[in-house]
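Trainee: I would like a close look at a single part of this model, the one you would pick yourself. Please start at the surface, work your way inwards, and then tell me about the surroundings.

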Amino acid sequence: YEVPAGLLYSVAKVESELNPLAVNINGNSWQFTTKEEARDKIKTAISQGVTNIDIGIMQINWRWHSKNFAGIE
């Protein structure tokens, strides 16, 4: 889509501090150090019926994009 690399970098920096394990659930942010911690937090939220979950370096929203992935892993 020819999005400038600098723009993508800036979005990732603002959204997640460049942390691929960043998670935001209903406006509350976490910066995890392991994939397991992030996965467990996300799975807990989903099991409680929460779908407004932003995941990863670009904060992809689970509610709107989960159908595009096999799972949270």
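**Helix 2 and what surrounds it**

Mentor: Glu-73 is exposed, with a relative accessible area of 71%, and it makes a friendly starting point for a look at helix 2. Please keep in mind that this is a predicted model. The side chain of Glu-73 forms a salt bridge with that of Lys-43, at 3.5 Å from N to O. This pair ties together distant parts of the chain, since Lys-43 sits in helix 2 while Glu-73 belongs to the segment after helix 3 (62–65), 30 residues away. Lys-43 is partly exposed, its relative accessible area being 42%; the cut-off for exposed is over 50%, so Lys-43 does not join Glu-73 in that class.

The structure holds 2 salt bridges, and the other one joins Arg-39 to Asp-40, with 3.2 Å between N and O. Both of these partners count as partly exposed: Arg-39 has a relative accessibility of 28%, and Asp-40 has one of 40%.

Now for the helix itself. With 13 residues at 1.5 Å a residue, helix 2 should span 18 Å, and the C-alpha atoms at its ends are indeed 18 Å apart, so expectation and model agree. Its buried residues are Ala-38, Ile-42 and Ala-45. Viewed down the axis of helix 2, these buried residues fall within an arc of 60°, so they line one face of the helix. Strand 1 and strand 3 are among the elements that cover this buried set. Just past the helix comes Gly-49, with a positive phi near 90°.

What does the helix contribute to the largest nonpolar core? That core has 11 residues: besides Ala-38, Ile-42 and Ala-45, it takes in Leu-21, Val-23, Ile-25, Phe-32, Val-50, Ile-53, Trp-62 and Ile-72. Strand 1 (22–25) and helix 2 (35–47) each supply at least two of its residues, and helix 2 gives the most, with 3 residues. Trp-62 is a good core member to click on: leaving out residues up to four places away in sequence, it touches Ile-46, Thr-51, Ile-53, Ile-55, Gly-71 and Ile-72. Two of the names in that contact list, Ile-53 and Ile-72, also appear in the core.

Next, the sheet, which brings us to the two strands that help cover the helix. Four strands form an open sheet in the order 2-1-3-4, with antiparallel pairing. Strand 2 (28–31) and strand 4 (60–61) are the edge strands, each pairing on one side only. As background, strands of a sheet pair through backbone hydrogen bonds, either parallel or antiparallel. Between strand 1 and strand 3 (residues 53–55) there are 3 bridges, and in this pairing Ile-25 stands opposite Ile-53. Both of those isoleucines are in the core described above.

On its other pairing, strand 1 is joined to strand 2 by 4 bridges, again antiparallel, and Val-23 has Trp-30 as its bridge partner. These two strands make a hairpin with 2 residues between them, and Asn-26 in the turn has a positive phi of about 50°.

Finally, a few spots farther along the tour, around helix 1. Ser-16 lies in helix 1 (residues 5–16) and is buried, with a relative accessible area of 1%. Apart from neighbours within four places in sequence, Ser-16 contacts Ala-22, Gln-31, Gly-56, Ile-57 and Gln-59. Gln-59 is itself buried, at 10% relative accessible area. It is found in the loop between strand 3 and strand 4, where its phi is near 55°, a positive value in a residue other than glycine.

Leu-18, in the loop between helix 1 and strand 1, also has a positive phi without being a glycine, in this case about 65°. At 31% relative accessibility, Leu-18 counts as partly exposed. Val-11, in helix 1, is partly exposed as well, with a relative accessible area of 34%. Its C-alpha atom is 9.0 Å from that of Ile-57, although the two residues are 46 residues apart along the chain.

To come back to helix 2: its buried residues share one face, while Lys-43 reaches across to Glu-73 in a salt bridge.

Technical notes. Residues numbered from 1 in each chain as written. Predicted model: local features only at pLDDT ≥ 70, side-chain atom pairs only at ≥ 80, totals over all residues. Heavy atoms only, no water. Core = buried A, V, L, I, M, F, W, Y, C linked by side-chain atoms within 4.5 Å. Buried < 20%, exposed > 50% of the residue type's maximum accessible area, 1.4 Å probe, protein only. Contact = heavy atoms within 4.5 Å. Pairing = 2+ DSSP bridges. Expected span 1.5 Å × (residues − 1). Arc of directions from axis to C-beta. Salt bridge = Lys/Arg side-chain N within 4 Å of Asp/Glu carboxyl O.
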